[in-house]
Amino acid sequence: MPPPAVPLINYAVVNYLPHDTNSFTEGLLVNNGQLWEATGHAPENEWPQTRSLFGTVNIKTGVIAVKAELDKNKYFGEGISFVGNRLYQLTLSPKIGFVYDTSRFRQVKQFTFPGKEGWGLTTDSTSLIMSDGTGILYYLDPTTLQQVKTITVTENGVPADSLNELEYIKGYIYANTWLTNTIVKISPATGQVIGRLDLTPLAEEAKTKYPGSLEMNGIAYDAANDKIYVTGKLWPTIYQVQFAH
């Protein structure tokens with residue numbers, strides 16, 4: 001008898017915020033009450049307007065107030081995370097990460113990281129947790145930036161794949177699955193996928209509003225106000241959603 005299917009998590013949309021359709025979303029988070037976004041640059045011949053940067057999102061316009069930008073000829077910006085007075089940023093290739101101070105957002109350090117590539121980044125307040133486009137999650141010490149441990153994510157005993165943007169919510173890791181409209185809920189203790197959000201209706205609505213919308217990517221948690229936000233690459237909307245968590 002096959003194992004039972006991973007349960008779907010029911011959700012409701014409770015608010016709509018604008019999102020810049022030039023933003024190729026690679027990271028989304030809330031820090032000190034502000035919504036932050038990190039973006040990458042898509043191929044020039046398809047989306048020449050996209051850039052690798054991060055900053056705060058104006059919730060009235062969706063436009064990012066840029067805090068730092070990478071040279072797109074050298075780096076493709078990926079996930080970001082805050083720990084203490086530092087912001088950490090991954091790049092897709094050549095597997096170089098950057099550390100910034102949070103006063104002026106100057107680079108204070110570069111580092112290399114494990115895994116195939118840099119994709120998503122979050123924190124449990126002790127470690128940085130990163131994805132590399134596979135089913136493995138890597139825990140890094142935020143001071144030394146050395147690997148502490150790994151988790152192999154499985155769903156019904158089958159290794160997961162294509163884990164992308166991450167968010168840590170009340171003891172669980174939520175991960176976008178690349179090229180899908182799915183977010184999976186992962187137990188850090190076991191690595192098992194224990195729930196699944198199917199956000200296809202939001203992706204379809206985004207596509208209707210802006211035909212250039214691509215796949216879903218981006219989940220942020222405002223712990224102080226218990227709010228969750230999701231969006232996607234080049235979407236016109238950031239959705240505030242509500243679900244049991």
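**Exercise 1. Strand β7 and its neighbours**

Which residue in β7 is the bridge partner of Ser81? Then describe how β7 is paired on both hairpins and how enclosed the strand is.

*Solution.*
Note that the model is predicted.

Step 1. Find the partner. Tyr88 in β7 is the bridge partner of Ser81.

Step 2. Place the pair. Strand β6 covers residues 77-83, and its pairing with β7 is antiparallel, with five bridges.

Step 3. Inspect the turn. The hairpin of β6 and β7 has two residues between the strands. Gly84 adopts a positive phi near 60° there.

Step 4. Move on to β8. Strand β8 spans residues 96-101 and runs antiparallel to β7, joined by four bridges. One pair to check is Arg86, whose bridge partner in β8 is Asp101.

Step 5. Inspect the second turn. Four residues lie between the strands in the hairpin of β7 and β8. Lys95 has a positive phi near 60° in this hairpin.

Step 6. Judge the burial. Strand β7 runs over residues 86-91, and five of its six residues are buried. The strand is therefore largely enclosed by the rest of the structure.

**Exercise 2. A salt bridge between buried residues**

Determine what the salt bridge of Glu26 and Lys233 ties together, and classify both residues by exposure.

*Solution.*
Step 1. Take the distance. The closest N and O atoms of Glu26 and Lys233 are 3.8 Å apart. The cut-off for a salt bridge is within 4 Å, and the pair is counted as one.

Step 2. Locate the ends. Glu26 sits in strand β2, residues 24-31, while Lys233 sits in the loop between β21 (227-232) and β22 (237-242). The pair therefore ties together parts that are 207 residues apart in sequence.

Step 3. Classify the exposure. Buried means under 20% relative accessible area. Glu26 has 2%, so Glu26 is buried. Lys233 has 5% and is buried too.

Step 4. Widen the view. A network of salt bridges links Glu26, Glu215 and Lys233. The structure holds seven salt bridges.

**Exercise 3. Two partly exposed pairs**

Work through the salt bridges Glu69–Arg51 and Glu155–Arg196. Give distance, location and exposure.

*Solution.*
Step 1. Start with Glu69 and Arg51. Their closest N and O atoms are 2.7 Å apart. Glu69 belongs to strand β5 (residues 64-69), and Arg51 to the loop between β3 (34-40) and β4 (53-57), so parts 18 residues apart in sequence are tied together.

Step 2. Check exposure. Glu69 is partly exposed at 41% relative accessible area. Arg51 is partly exposed at 37%.

Step 3. Turn to Glu155 and Arg196. Here the closest N and O atoms are 2.5 Å apart. Glu155 lies in strand β14 (residues 154-155) and Arg196 in strand β19 (residues 193-198), so the pair ties together parts 41 residues apart in sequence.

Step 4. Check exposure again. Glu155 is partly exposed, with 22%. Arg196 is partly exposed, with 22%.

**Exercise 4. The four-stranded sheet**

Give the strand order of the open sheet, name its edges and place helix α1.

*Solution.*
Step 1. Write the order. The four strands run β1-β22-β21-β20, with antiparallel pairing.

Step 2. Name the edges. β1 (12-18) and β20 (216-222) each pair on one side only.

Step 3. Add the twist. From one strand to the next, it averages 25°.

Step 4. Examine one pairing. β20 and β21 are antiparallel, with five bridges. Met216 stands opposite Gly232 in β21.

Step 5. Add the helix. Helix α1, residues 200-209, packs on the sheet and touches β1, β21 and β22. The direction of α1 makes about 155° with that of β22.

Key
Residues numbered from 1 in each chain as written. Predicted model: local features only at pLDDT ≥ 70, side-chain atom pairs only at ≥ 80, totals over all residues. Heavy atoms only, no water. Salt bridge = Lys/Arg side-chain N within 4 Å of Asp/Glu carboxyl O. Buried < 20%, exposed > 50% of the residue type's maximum accessible area, 1.4 Å probe, protein only. Pairing = 2+ DSSP bridges. Axes fitted to C-alpha atoms, helices over the stretch in contact; angles between N-to-C directions. Contact = heavy atoms within 4.5 Å.
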